[in-house]
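Biologist: I am new to protein models and would like to learn how to read one. Could we go through it together?

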Amino acid sequence: DRRWIYVPYDRFTDRTGPLTEQPASATGIVIVESTAKAHRRPYHKKKLVLLISNMRHFALEQAARGCKVIYQFSEESHARALLELQRSLPLPELSMMQPAERELRLDIEAAILDGLKIKLAPDTTWLSTIEDFLSVFGPYKSGRSYVMDRFYRTQRQKTGILMDKGKPRGGKFSFDAENRKPYKGLPLIPQPPVFAPDEVTNEVITLVEQTYPHHFGLISNFNSPVTQQDADLAWAFALEHLLPHFGPYEDAMRDDELQLFHSRLSGLINLGRLLPSQMTADVEAACAEGLIPLASAEGFIRQILGWREFMRHLHQQTDGYRLLAGTVAQEAGSKPSRDVYAGATPSALSASLPLPAAYWGVKSGLHCLDTVVAQVIEEGWSHHITRLMVLSNLATLGGFSPRQLTDWFWFAYVDAYDWVVETNVLGMATYADGGLTATKPYVSGAAYINKMSNFCGHCQYDPKRSTGEGSCPFTALYWTFLERNESVLGNNFRLQMPYTTLRKKSPIELVQLRARAQKAIDELQQLPHLEY
Ligand code: FAD
């Protein structure tokens with residue numbers, strides 16, 4: 001009379017949900033290691049190693065705890081493999097937490113129609129429910145826009161995190177305005193712990209090299225937690241050494257300190273190894289003890305309790321932005337597709353140029369872009385501001401396809417799953433959704449990158465010049481982006497200052513800016529593509 005639980009590829013936890021509801025001796029778990037999904041996109045090799053090695057270690061950990069474990073290898077989809085197991089063994093009805101990814105949800109729903117017996121339980125790894133989201137915004141209606149901050153405030157009220165008698169600690173909900181310092185070398189960045197591959201991980205590395213040889217990214221130097229113990233260690237390190245300085249340098253970028261004070265834990269959180277409830281409680285406790293300043297604690301909690309939860313609800317409410325078709329302009333050349341996995345193609349700013357080969361590692365000569373892409377090829381990760389203000393900023397300014405950029409992020413980053421990558425790229429980063437997720441596009445010229453990073457000091461292009469030979473193309477791209485999109489963005493109240501400046505520019509300067517921007521776009525488009 002064991003209870004049999006299906007543990008999907010992104011919920012490796014026995015600290016919440018169905019696994020906690022009966023003793024180990026009465027628990028059976030099923031895990032499916034499938035190649036079907038891994039072949040769907042050229043996922044970064046390190047992402048596959050992280051996921052598969054955590055999966056195998058989780059199975060071992062649960063067996064050691066006394067659970068019975070069925071570990072199934074399959075070339076079919078996860079749910080199809082479950083259905084076959086259920087028929088052949090036979091296995092009784094399974095339980096699982098509500099899938100986080102849309103792709104898995106569709107897979108499970110299709111198998112249920114074919115006879116899979118599985119009961120869906122609430123996913124208790126989240127900090128909020130859909131009712132929480134709907135109580136703030138109501139049901140999805142076309143043409144509406146969402147503001148994360150509203151959701152975040154109600155979540156703070158509801159959970160009581162960093163709240164005193166109904167009031168936000170420190171007198172305000174957000175300390176964002178204080179968290180915008182460039183990093184000049186102090187305080188020193190602490191050395192993170194090393195997680196050398198063990199025997200299981202080495203086996204997975206060999207498997208990934210053999211099965212997915214043409215996938216993106218480098219597999220050497222794998223150095224990430226794959227056990228619960230190591231995931232906890234990584235969190236303890238971040239809490240003690242990184243978070244005290246998280247806030248002020250949250251937006252800084254460096255070519256010699258690629259991680260700065262970011263926790264680099266998104267991959268483990270999205271696999272269920274680290275629980276947001278534990279993380280927010282630990283940060284709040286450390287803040288109360290004076291170990292983490294309030295601005296840093298609030299900044300970090302806003303990411304987890306605010307952005308992460310908000311994005312996941314938004315994805316579900318808009319069916320991964322598919323519901324926008326018909327109300328928001330779609331990318332040129334995209335056709336309605338019958339493939340249920342085909343991604344949404346909103347393109348409110350009519351961007352549709354192919355994503356340049358520079359994103360696959362062909363050098364562009366732009367030091368910021370080349371540095372961040374090299375990091376992504378090596379690590380499958382870069383921090384938030386490099387994603388937003390280098391990779392996405394350039395793609396948005398250049399008019400590159402938001403869908404291609406999304407798919408690139410999806411396979412290139414270890415933490416990317418549909419619910420978080422589509423919302424962040426189509427929504428927050430590129431404004432492809434026409435302002436549903438963010439009230440204005442996150443774009444900037446060279447001045448911002450120069451202020452917040454040390455990239456420009458090591459670049460052949462001059463951030464102080466916007467036209468002519470040797471000038472940084474970001475600035476010309478920025479002004480011509482605003483000019484090109486004036487019919488959509490010209491009345492945006494948050495863009496009134498730059499539009500006023502643009503309208504004062506002389507016809508000669510505008511001609512020069514257009515020429516500089518076009519040259520940069522042409523050069524990026526002409527970079528030779530690598531064979532993958
Ligand atoms: P920290 O800076 O230490 O932040 C703490 C945690 O907050 C993160 O681990 C993450 O779980 C959460 N968080 C912060 N911002 C967001 C956000 N905007 N959305 C959701 N969670 C957030 N995050 C992903 O997890 N997967 C993605 O595929 C992803 N794609 C992104 C693409 C773009 C273009 C942008 C701009 C952001 C993307 N993000 C994504 C959000 C964010 O950049 C990463 O979560 C963060 O950089 C991960 O590094 P970290 O763990 O050091 O985060």
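Modeller: Happily; we will go from domains to a sheet, then to helices, unusual backbone spots and the ligand. Please keep in mind that this is a predicted model.

Biologist: Where should I begin? Which domains does the domain assignment give?

Modeller: The assignment lists domain 1 (3-121), domain 2 (130-317) and domain 3 (322-526). The centres of domain 1 and domain 3, taken over C-alpha atoms, are 37 Å apart.

Biologist: How many residues of domain 1 are in contact with domain 3?

Modeller: On the domain 1 side there are 13 residues, and they touch 12 residues of domain 3. Two or more residues of that domain 1 side come from each of α1 (45-65) and α3 (102-113). By class, the domain 1 side has 5 nonpolar residues, 1 polar residue and 7 charged ones.

Biologist: Now the sheet, please. How do I read one?

Modeller: The general idea is that strands of a sheet pair through backbone hydrogen bonds, in a parallel or an antiparallel way. Here you can find an open sheet of 5 strands with parallel pairing, in the order β3-β2-β1-β4-β5.

Biologist: Which strands stand at the edges?

Modeller: Those are β3 (68-74) and β5 (118-121). Each has a single partner strand, so one side of each has no neighbour in the sheet. On average, and ignoring direction, neighbouring strands of this sheet are turned by 30° against each other.

Biologist: Can we follow the pairs one by one?

Modeller: Let us start with β2 (residues 27-34), which pairs with β3 in the parallel sense over 7 bridges. In that region S34 has S74 of β3 as its bridge partner. Next, β1 (residues 3-6) and β4 (residues 94-97) are parallel and pair over 2 bridges. There, W4 is opposite L94 in β4. Finally, β4 and β5 run parallel and are joined by 4 bridges, with M96 standing opposite L120 in β5.

Biologist: Across which strands does α1 lie?

Modeller: Helix α1 lies across β2 and β3, and runs at about 160° to β2. This is the α1 that also gives residues to the side of domain 1 touching domain 3.

Biologist: What should I look for when two helices pack?

Modeller: Two packed helices are described by the angle between their axes and the distance between the axes. Try α11 (residues 367-379) and α12: their axes come within 10 Å and cross at roughly 115°. The crossing of α11 with α12 is left-handed.

Biologist: Which residues of α11 and α12 meet there?

Modeller: From α11 you have C368, L369 and V372, and they meet T386, V390, L391 and L394 of α12. This contact divides into 6 nonpolar residues, 1 polar residue and no charged ones.

Biologist: What about unusual places in the backbone?

Modeller: Most residues other than glycine have a negative phi, and most peptide bonds are trans. In this model a cis peptide bond joins L89 and P90, with omega about -15°. You will find P90 in the loop between α2 (78-88) and β4. Another cis peptide bond joins L186 and P187, where omega is about -5°. P187 sits in the loop between β7 (167-168) and α6 (199-211).

Biologist: What is the phi of L162?

Modeller: It is near 55°, a positive value in a residue other than glycine. L162 belongs to the loop between α5 (148-159) and β6 (163-164).

Biologist: Last of all, the ligand. Which residues come nearest to the ligand?

Modeller: The ligand has 28 residues around it, of which H262, S263, S266, Q303 and A416 come nearest. The elements giving two or more residues to this shell are α8 (266-270), α10 (294-317), α12 (384-398) and α14 (418-429). By class the shell has 15 nonpolar, 9 polar and 4 charged residues.

Biologist: Why does the ligand lie between domain 2 and domain 3?

Modeller: Domain 2 (130-317) and domain 3 (322-526) both give residues to the shell around the ligand, so the ligand lies between them.

Conventions:
Residues are numbered from 1 along each chain as its sequence is written. This is a predicted model: local features need pLDDT of at least 70, side-chain atom pairs count only at pLDDT 80 or more; totals for chains, interfaces and linings use all residues. A residue is near a molecule or strand if its C-beta atom, placed from the backbone, lies within 6 Å of it. Ala, Val, Leu, Ile, Met, Phe, Trp, Tyr, Cys and Pro count as nonpolar, Asp, Glu, Lys and Arg as charged, and the others, Gly among them, as polar. Domain bounds come from an automatic or database domain assignment. Two residues are in contact if their C-beta atoms, placed from the backbone, lie within 7 Å. Two strands pair if DSSP finds at least two bridges between them. Axes are lines fitted to C-alpha atoms, for helices over the stretch in contact, and angles run from 0 to 180 degrees between N-to-C directions. A crossing is left-handed if the near helix is turned anticlockwise from the far one by less than a right angle, and right-handed if clockwise.
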